[in-house]
Amino acid sequence: EVMGGPKIKTRFGRKDAKSSKESVESQVGRLPDGDKDGKHLEEIFKPKGFDHKDIVALSGAHTVGRCHLDRSGFDGPWTENPL
C-alpha cells in the first residue's frame, strides 16, 4: 500500500511452530549477512525453497525500511531515499 500497490490482507505468525520452544537451537546460517553479495543470498535461501524471484522480492522489500543496530549490527537506511 505504502508503495502504491494493492491492499492485501495479511495474517502474521509462523505456520511451522506453535511456540518459540519449537525453534531451532542456533540462528547461524538462517539469515543472510548484510554485507554479503547475491551469491550469499542464494546460499541461504535456495535450500529453503526460494527461487530467484522470491529472493529478489524479499531483498527488495528490505530497501523500504532501515537497519537497527541492535538487530543486525548495521544502523540507518538501506537506501538514500527510504520511504
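**Exercise 1. The chain as a whole**

What percentage of the contacts in the chain with a separation of 6 or more is accounted for by residues 24 or more positions apart? Then describe the elements of the chain and its buried share.

Solution.
- Step 1. This is a predicted model. Contacts with a separation of 6 or more are the base set, and residues 24 or more positions apart account for 12% of them.
- Step 2. Turn to the elements. The chain has 3 helices and 2 strands. Read from the N terminus, their order is α-α-β-α-β.
- Step 3. Take burial last. The chain has 83 residues, and 8% of them count as buried.

**Exercise 2. Two pairs across the sequence**

Find how far apart in space M3 and V64 lie, C-alpha to C-alpha. Do likewise for R30 and F45.

Solution.
- Step 1. Place M3. This residue sits in the segment before α1. M3 counts as exposed because its relative accessible area, 62%, is over 50%.
- Step 2. Compare sequence with space. M3 and V64 are separated by 61 residues in sequence, yet their C-alpha atoms are 8.9 Å apart.
- Step 3. Place R30. This residue also belongs to the segment before α1. Its relative accessibility is 29%, so R30 is partly exposed.
- Step 4. Finish with the second pair. R30 and F45 are 15 residues apart along the chain, with 8.5 Å between their C-alpha atoms.

**Exercise 3. The aromatic pair**

How many aromatic pairs does a search of the whole structure find? Classify the geometry, then say whether each partner is buried, partly exposed or exposed.

Solution.
- Step 1. Count. The whole structure yields 1 aromatic pair.
- Step 2. Identify the partners. They are F45 and F50, with ring centres 4.9 Å apart.
- Step 3. Read the angle. The planes meet at 50°. That value is neither under 30 degrees nor over 60, so the pair is tilted.
- Step 4. Check burial of F45. Its relative accessibility is 7%, which is under 20%, so F45 is buried.
- Step 5. Check F50. At a relative accessible area of 28%, F50 is partly exposed.

**Exercise 4. Polar contacts of H40 and D37**

Which backbone nitrogen does the side chain of H40 reach? Which backbone nitrogen lies 3.3 Å from a polar atom of the side chain of D37?

Solution.
- Step 1. Locate H40. It lies in helix α1. H40 counts as buried because its relative accessibility is 13%, under the 20% cut-off.
- Step 2. Follow its side chain. The side chain of H40 reaches the backbone nitrogen of D33 at 2.9 Å.
- Step 3. List other neighbours. With residues within four places in sequence left aside, H40 is in contact with P32 and D33.
- Step 4. Locate D37. This residue is in the segment before α1. D37 is exposed because its relative accessible area of 51% is over 50%.
- Step 5. Follow the side chain of D37. One of its polar atoms lies 3.3 Å from the backbone nitrogen of K39.

**Exercise 5. The largest pocket**

How much space lies in the largest pocket? Work out which residues and elements line it.

Solution.
- Step 1. Volume. The largest pocket holds about 890 Å³ of space.
- Step 2. Lining. There are 25 lining residues, and those closest to the pocket centre are L31, P32, G34, H62 and W78.
- Step 3. Elements. Two or more lining residues come from each of α1 (38–45), α2 (52–61), β1 (66–67) and α3 (69–72). α2 gives the most, with 3 residues.
- Step 4. Classes. The lining of the largest pocket comprises 10 nonpolar, 8 polar and 7 charged residues.
- Step 5. Link back. P32, among the residues closest to the pocket centre, is also in contact with H40.

Technical notes: Residues numbered from 1 in each chain as written. Predicted model: local features only at pLDDT ≥ 70, side-chain atom pairs only at ≥ 80, totals over all residues. Heavy atoms only, no water. 1 Å grid on protein atoms, 1.4 Å probe; cavity = no way out; pocket = protein on both sides within 12 Å on 5 of 7 lines; lining within 4 Å. Points joined across faces, edges and corners; volume = space filled by probe spheres on them. Helix = DSSP H or I, 4+ residues; strand = E, 2+ residues; numbered from the N terminus. Nonpolar A, V, L, I, M, F, W, Y, C, P; charged D, E, K, R; others polar. Phe/Tyr/Trp six-rings, centres within 6.5 Å; stacked < 30°, edge-to-face > 60°. Buried < 20%, exposed > 50% of the residue type's maximum accessible area, 1.4 Å probe, protein only. Polar contact = N/O pair within 3.5 Å; in protein donor to acceptor, adjacent residues only side chain to side chain. Contact = heavy atoms within 4.5 Å.
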